[in-house]
Amino acid sequence: MKANLLEAPDKPLVWKEVENPTLAPGEVLIKIKAAALNRRDYWITIGKYAGLKYPAILGSDGAGVVTEIGEGVESTWLNKEVIINPSNNWGEHEEFQSTNFKILGLPDDGTFAEYVKTRAEYLYNKPTYLSWEQAAALPLAGLTAYRALFIKGKAQKGDTVLISGVGSGTGAFALQWAVAAGCRVFVTSGKGEKIEMARQLGALAGVNYKAQDWAEELKHLAGGFDVIIDSALGEGFAKFPDLCNPGARIVFFGGTAGDVPAINGRKIFWKQLQLLGTTMGTSTDFKNMLDFMTQHQIVPVIDEVFALADAANAVEKMGKSLQFGKIVLRA
């Protein structure tokens with residue numbers, strides 16, 4: 001088969017012939033119809049991610065057709081249209097992942113290839129109302145945002161929610177989930193056009209976080225927040241406690257802008273705030289996410305579609321943070 005191979009950091013992905021995956025018991029082979037990028041893929045290509053190995057086939061998100069099944073797999077999976085849960089080996093605790101937890105696309109070969117293998121337990125029927133590209137856009141970012149908003153953030157109808165950095169895949173999903181749940185949603189972005197796109201998806205308003213008074217403007221617009229979803233950290237994170245209503249939850253799952261800055265802890269304990277970290281999600285979270293999006297007929301936001309063989313250019317675009325929503329590869 002052909003795959004996009006990362007042979008060394010800071011080198012572009014190369015579309016080339018590689019060995020076909022060999023199935024172990026319990027595994028299935030999927031012919032990829034579409035795959036999608038995550039920020040994780042970009043960090044791996046520049047050598048800034050834990051557990052790096054080369055050569056590697058990246059890609060955590062994918063949708064396709066099951067073409068082969070291993071020993072012990074139910075025959076009903078054969079020829080099924082599926083999406084893949086990339087959150088593997090979560091473990092027995094719903095609250096946190098096990099030491100064996102891993103994400104598809106490193107260390108195991110991922111979806112930026114003509115074929116990918118995974119265990120049958122990570123397969124889910126592709127939602128019939130979604131295209132291949134839309135289905136492929138969902139898994140990693142959708143799951144991360146769903147757990148952050150509903151499991152950790154405990155968002156519910158009527159809550160006022162802030163999505164910080166709405167242009168990312170996770171930010172766009174968090175916005176869609178929160179709007180569908182009946183929340184009052186506000187956003188931040190470094191680009192005015194992304195704020196306008198968010199308004200078209202149901203955000204009530206947004207501010208540019210590059211403005212000197214962005215936090216004061218948000219306070220004026222929203223009054224205060226019950227849930228804040230963030231994937232950047234950095235200096236701006238220190239202003240979140242001021243924006244919170246008493247009892248609010250601040251949930252974060254990334255650090256693209258730096259680390260947690262110095263924060264006035266008195267505001268956190270006096271307002272009974274919670275700072276909550278999260279990563280990916282459980283199989284139960286994944287199933288509930290699919291049920292939720294199907295119930296509300298939510299369609300993932302796709303920024304641009306590239307050919308599967310053109311993954312190198314797709315990664316280059318992601319590195320510039322120009323997208324709103326997901327960048328997808330079509331086979």
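**Figure 1. Helix α4 is mostly covered in this predicted model.** Of the 12 residues of α4, 10 are buried. The buried positions are G169, T170, G171, A172, F173, A174, L175, Q176, W177 and A178. The end C-alpha atoms of α4 lie 17 Å apart, which agrees with the 16 Å that its 12 residues should span at 1.5 Å a residue. Just after the helix, G182 adopts a positive phi of about 90 degrees.

**Figure 2. A cavity is lined in part by residues of α4.** The model holds 1 cavity of 30 Å³ or more, and the volume of the largest cavity is about 30 Å³. Its lining is made up of I163, S164, G165, S168, T170, G171, I229, D230, S231 and F253. Two or more of the lining residues come from each of the elements β10 (160-164), α4 (169-180) and β13 (225-230). Sorted by class, the lining has 3 nonpolar, 6 polar and 1 charged residues.

**Figure 3. The largest nonpolar core contains 55 residues.** Within this core, L149, W177, V187 and I229 touch the most other members. Helix α3 (residues 139-152) supplies the largest share of the core, with 8 residues. Beyond its neighbours within four places in sequence, L149 makes contact with K154, A155, V161, A174, W177, A178, V227 and I229. A second core, separate from this one, has 35 residues, among them I32, I57, A314 and V315.

**Figure 4. Helix α3 is mostly covered and is followed by a residue with positive phi.** In α3, 13 of the 14 residues are buried. At 1.5 Å a residue, the 14 residues of α3 should span 20 Å, and the distance of 18 Å between its end C-alpha atoms agrees with this. Just after α3 comes K154, in the loop between α3 and β10. K154 has a positive phi of about 50 degrees, although it is not a glycine. With a relative accessible area of 54%, K154 is exposed. K154 is also one of the residues in contact with L149.

**Figure 5. The second largest pocket encloses about 390 Å³ of space.** This pocket is lined by 24 residues, of which P21, E27, D108, D109 and K117 are the closest to its centre. Strand β8 (residues 115-119) gives the most to the lining, with 5 residues. By class, the residues lining the second largest pocket are 11 nonpolar, 6 polar and 7 charged.

**Figure 6. Cis peptide bonds precede P55 and P107.** The bond from Y54 to P55 is cis, with omega near -5 degrees. P55 belongs to the loop between α1 (39-45) and β4 (61-69). Between L106 and P107 the peptide bond is likewise cis, and omega there is about 15 degrees. P107 is located in the loop between β7 (102-103) and β8.

**Figure 7. Q297 has a positive phi in a loop after α9.** The phi of Q297 is near 50 degrees, a positive value in a residue other than glycine. The loop that holds Q297 runs between α9 (283-296) and β16 (302-307). Q297 counts as partly exposed, at 43% relative accessibility.

**Figure 8. L322 occupies the loop between α10 (311-319) and β17 (326-330).** The relative accessible area of L322 is 47%; a residue counts as exposed over 50% and as buried under 20%, so L322 is partly exposed. Leaving aside its neighbours within four places in sequence, L322 is in contact with K191, K194, D303 and K317. From L322 to L123 the separation is 199 residues in sequence and 31 Å in space, C-alpha to C-alpha.

Conventions: Residues are numbered from 1 along each chain as its sequence is written. This is a predicted model: local features need pLDDT of at least 70, side-chain atom pairs count only at pLDDT 80 or more; totals for chains, interfaces and linings use all residues. Side-chain values use heavy atoms; hydrogens and water are left out. On a 1 Å grid over the protein atoms alone, a cavity is a set of points where a 1.4 Å probe fits but cannot get out, and a pocket is an open set with protein on both sides within 12 Å along at least five of seven lines; lining residues have an atom within 4 Å of a point. Grid points are joined across faces, edges and corners, and a volume is the space filled by probe spheres set on the points. Helices (H or I, at least four residues) and strands (E, at least two) are DSSP runs, numbered from the N terminus. Ala, Val, Leu, Ile, Met, Phe, Trp, Tyr, Cys and Pro count as nonpolar, Asp, Glu, Lys and Arg as charged, and the others, Gly among them, as polar. A nonpolar core is a set of buried Ala, Val, Leu, Ile, Met, Phe, Trp, Tyr and Cys residues joined through side-chain atoms within 4.5 Å. Buried means under 20% relative accessible area, exposed over 50%, partly exposed in between (1.4 Å probe, protein chains only). Contact means heavy atoms within 4.5 Å. The expected span of a helix is 1.5 Å times one less than its number of residues.
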